[in-house]
Amino acid sequence: MAEVNPAFIQSIEHRPKNPTIIEAEEIPVIDISSITSLDHLSNNNIIDDIITNIGNASEKWGFFQVINHGIRHEKLENMKLAARKFFSLAVEEKKNVAKDEDNPMGYHDTELTKNVRDWKQVFDYTTKDGCTPIPVSPDDLQAVKPVTNRWPQHPPEFREVAEEYAKEVEKLASIMLELIARSLGLAGNRFSELFKDQTTSFIRLNYYPPCPSPHLALGVGRHKDAGGLTILAQDDDVEGLEVRRKTDGEWIRVKPIHGALIINVGDLIQVWSNDKYESVEHRVIVNSEKDRLSIVFFYNPAHYVTVKPLEELINDQNVAKYKEFNWGAFLMTRKNTNFKKLNVENLQISHYKI
Ligand code: OGA
Ligand code: NI
């Protein structure tokens, strides 16, 4: 087993000596079984209750879990199995689909790249192959070229399973965004135009190997998700995701619930809602015995979308808290600083605060 890189230890954030583990019954679990498709979003009481619960959870936590979400059990299990098979391959084989500066899709190993921040391996793919734009040059973020997915040869079913899961999770994401729009008092289709072209959404498979010194490392350090909405599937029996509770800043472990999906609002919903629904910090703890897997869908608008607080929510009492910005340029600037490890502060929505 690899040692924890000493640079990692120095860079790690403060960890309490006796972390209070508060089980996360408090993070709301919402049953959305009465919503199976967009056609059924009629105005009945059950759906109104679901929308109210989603609104309350988004405001109070920025996170919630959904059960009976309509993604078929076998699609989710197949995806987890294929991901596990892929990550269990020899490093040499995984390196055949390694991401690089030209194309950020594929495999990434923090050991290989000496990324001292996170104790994990990832595999990224876009949901619409050939669509995700990246800038042709760092000097002109508007001129973009598409990137294509890299598919491993093993396991042979990987590509099909991954593409099937992408279809299902994208459907769910658009339903969730419709419910979130309604919870803000907006028309259900308020975000449809902005998400109509799926050019920047992607799926990240995260694999966290056992860590010899789990108290010195983090699977993913504290961060907020930059995009629209995140839908995460975690292992049934290996927990690790922690969410920062807004009321007191305490780290709350998200308890695995069989078949549930974890949903959180990203930075863009924070801006659109003018801070009503804040994008909340989260991180991943590792352990010395068990590896852990998560499958994360980042649901993002098209790269050309201009983001700013929604006019319907702005008035004299609630003035816009952000200047407008272009999502594609924002995303590419962040990716560039991440990849090149430029010694500059990562671009954040707070840079656009008025
Ligand atoms: C992420 C993330 C959490 C997890 O990939 O952005 O927060 O449980 N992952 O893997
Ligand atoms: Ni995250």
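How far is an oxygen atom of ligand 1 from an N or O atom in the side chain of His223? In this model the distance is 3.0 Å, and I would like to start from that contact.

First, the conventions. The model is predicted, so local features are given at pLDDT of at least 70 and side-chain atom pairs at pLDDT 80 or more, while totals for chains, interfaces and linings use all residues. Residues are numbered from 1 along each chain as its sequence is written, chains are lettered from A and ligands numbered from 1 in the order in which they are written, and side-chain values use heavy atoms, with hydrogens and water left out.

Let me turn to ligand 1. A polar contact here is a pair of N or O atoms within 3.5 Å; within protein, one must be able to donate a hydrogen and the other to accept it, and residues adjacent in sequence count only if both atoms are side-chain atoms. Besides His223, an oxygen atom of ligand 1 lies 2.9 Å from a side-chain N or O atom of Arg292, and an oxygen atom of ligand 1 lies 3.2 Å from a side-chain N or O atom of Asn206. Of the 290 Å² of accessible area that ligand 1 has on its own, the protein covers 96%, with areas taken from the Shrake-Rupley method and a 1.4 Å probe, and with only the protein chains shown counting as cover for residues.

The shell, meaning residues with a heavy atom within 4 Å, consists of Asn206, Tyr208, His223, Asp225, Leu232, Leu241, His282, Val284, Arg292, Ser294 and Phe298. By class there are five nonpolar, four polar and two charged residues, where Ala, Val, Leu, Ile, Met, Phe, Trp, Tyr, Cys and Pro count as nonpolar, Asp, Glu, Lys and Arg as charged, and the others, Gly among them, as polar. At least two shell residues come from each of strand E7 (202-208), strand E13 (282-285) and strand E14 (292-299), and E14 gives the largest share, three residues. Strands (E, at least two residues) and helices (H or I, at least four) are DSSP runs, numbered from the N terminus.

Now the metal. Which residues coordinate the nickel ion, ligand 2? The donors are His223 through NE2, Asp225 through OD and His282 through NE2, at 2.1 to 2.2 Å, and their spacing in sequence is H-x1-D-x56-H. The two histidines link distant parts of the chain, since His223 sits in strand E8 (residues 218-223) and His282 in strand E13, 59 residues apart. Donors are N, O and S atoms within 2.8 Å of the metal (3.2 Å for Na, K and Ca), and water is not among the atoms, so sites may look incomplete. His282 counts as buried because its relative accessibility is 5%, whereas His223, at 27%, counts as partly exposed; buried means under 20% relative accessible area, exposed over 50%, and partly exposed in between, with a 1.4 Å probe and protein chains only.

Next, the strand pairing, for which DSSP must find at least two bridges between two strands. E13 runs antiparallel to strand E10 (residues 241-244), with three bridges, and Leu241 has Val284 as its bridge partner in E13. E10 also pairs with strand E11 (residues 251-253), again antiparallel and over three bridges, with Glu242 opposite Arg253. E10 and E11 form a hairpin with six residues between them, and Gly249 in the turn has a positive phi of about 75°.

What about strand E12, residues 261-265, where five of five residues are buried? Leu261, Ile263 and Val265 lie on one side and Ile262 and Asn264 on the other, so that both faces are covered, in keeping with the general pattern. In a regular strand the side chains alternate between the two faces of the sheet. E12 is joined by four bridges to strand E2 (residues 63-67), antiparallel, and by four bridges to strand E9 (residues 229-234), also antiparallel. On the E2 side, Val66 has Leu261 as its partner, and from E9, Ile231 stands opposite Ile263.

Finally, some backbone details. Most residues other than glycine have a negative phi, and most peptide bonds are trans. Asn274 has a positive phi of about 55°, and Asp275 has one of about 80°. Asn274 is in the loop between helix H7 (267-272) and E13, and Asp275 lies in the loop between H7 and E13. Asn274 counts as buried because its relative accessibility is 3%. The peptide bond from His154 to Pro155 is cis, with omega near -10°.
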